[in-house]
Amino acid sequence: MAHVLVVEDEPNLRVLLGRLLTNAGHRVTAAADGSSALQSAQSEAPDLVILDLMLPDLTGEEVLHALLTAQPATRVLVLSAVTEVDRRVGVFDCGAADFVAKPFGNSEFLARVRARLRGEAPTTPNTVARFMSGPDFQLDLQHRELLMGDQRIELPQREFVLLAHLLHRRGEVCTRQELLADVWGIDFDPRTNLVDVYVQRLRSKLSANSIETVRSVGYRLVAR
Ligand code: CA
């Protein structure tokens, strides 16, 4: 029997998670905010922590950081409606063992809990976990690598975030303005061809025509 700490401020979901895990044979402790989660984790040393990112006091990232600083061996499965690529990548960088997006299926959730309790790294190509899929490649969010056939290509930070953003909006046109804001945090016209330069760099690593130019607007990652 494993001991699982559920950190979730939404009462219905906290009860549901508790019930699911208890029925699956685990012992469950629940916390409704970040500081009580840290207290419980310290006093009870759970085998697995299910952590929501949007909490009333601390952010999930702060809890994750504090938790892993104090108890580096703790396994943390982040559960969140937050779908922004950057934040998803961020929790893996902070040491999370897995990320499950809300809404989730109960059996999928329990399968991921079992796998994390066994100490397995998430490997399923899954749009809500470690990998994002492109037309003929995958992006490994945990290792910031581009996977093409047998090749693994490590991407520099900006190229990685740019590609992740294009993937997230796959099939849709991303304007230069949007890319500047979301990838570089620039909300004014820098009067440079920054975006174009980085798109060229990505194109040199991807198959031809993976990223289409939409004239005088921006770029689109093909949906095929
Ligand atoms: Ca929440």
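1. A convenient place to start is Asp140, which sits in strand β7, the run of residues 138-140. In this predicted model, Asp140 has a relative accessible area of 0% and is therefore buried. Leaving out residues up to four places away in sequence, the partners that Asp140 touches are Arg130, Phe131, Glu145, Leu147, Arg152 and Phe160.

2. For the overall picture, the protein contains eight helices and 12 strands, and its C-alpha trace spans about 55 × 40 × 30 Å along the principal axes. Of the 224 residues in the protein, 48% are buried. When contacts between residues at least 6 apart in sequence are considered, 57% of them join residues that are at least 24 apart.

3. The largest nonpolar core is made up of 30 residues, and Leu139, Leu162, Leu163 and Leu166 are the ones with the most contacts inside it. Two or more residues of this core are given by each of β8 (145-148), α6 (157-168), α7 (176-184), α8 (194-203) and β12 (218-221), and the largest share, seven residues, comes from α6. Leu163, one of the residues with the most contacts inside the core, touches Phe137, Leu139, Leu146, Leu155, Leu202, Leu206 and Leu221, when residues up to four places away in sequence are not counted. There is also a second, separate core, which has 20 residues and includes Leu53, Val91, Ala96 and Ala101.

4. Turning to helix packing, helix α2 (residues 34-44) and helix α3 (residues 60-70) pack with their axes 10 Å apart and at an angle of about 20°. Because angles under 35 degrees count as roughly parallel, α2 is roughly parallel to α3, and the crossing of the two helices is right-handed. On the α2 side the contact is made by Gly34, Leu38 and Ala41, and on the α3 side by Val63, Ala66 and Leu67. Sorted by class, the residues of this contact between α2 and α3 are five nonpolar, one polar and no charged.

5. A further pair is formed by helix α1 (residues 11-23) and helix α5 (residues 106-117), whose axes come within 11 Å and cross at roughly 60°. That angle makes α1 oblique to α5, and the crossing of α1 and α5 is right-handed. Leu17, Leu20 and Leu21 of α1 make the contact with Asn106, Phe109, Leu110 and Val113 of α5. The contact of α1 with α5 consists, by class, of six nonpolar residues, one polar residue and no charged residues.

6. Two residues other than glycine deserve a check of their backbone angles, since each has a positive phi. Ala45, with phi near 40°, is found in the loop between α2 and β3 (48-52), and its relative accessible area of 48% makes Ala45 partly exposed. Ser216, with phi near 55°, is found in the loop between β11 (211-214) and β12; at 74% relative accessibility, Ser216 counts as exposed.

7. Another serine in a loop is Ser210, which lies between α8 and β11. Is Ser210 buried or exposed? Its relative accessibility is 1%, and Ser210 therefore counts as buried, since the cut-off for that class is under 20%. Apart from neighbours within four places in sequence, Ser210 is in contact with Pro135, Asp136, Arg220, Leu221, Val222 and Arg224. Leu221 also appears among the residues touched by Leu163.

8. The last position to note is Gly25, placed in the loop between α1 and β2 (27-31). With a relative accessible area of 35%, Gly25 is partly exposed. Although Gly25 and Ala2 are 23 residues apart along the chain, a distance of 7.8 Å separates their C-alpha atoms.

Definitions and conventions. Residues numbered from 1 in each chain as written. Predicted model: local features only at pLDDT ≥ 70, side-chain atom pairs only at ≥ 80, totals over all residues. Heavy atoms only, no water. Core = buried A, V, L, I, M, F, W, Y, C linked by side-chain atoms within 4.5 Å. Buried < 20%, exposed > 50% of the residue type's maximum accessible area, 1.4 Å probe, protein only. Helix = DSSP H or I, 4+ residues; strand = E, 2+ residues; numbered from the N terminus. Contact = heavy atoms within 4.5 Å. Axes fitted to C-alpha atoms, helices over the stretch in contact; angles between N-to-C directions. Parallel < 35°, antiparallel > 145°, perpendicular 65-115°, else oblique. Left-handed = near helix turned anticlockwise from the far one by under 90°. Nonpolar A, V, L, I, M, F, W, Y, C, P; charged D, E, K, R; others polar.
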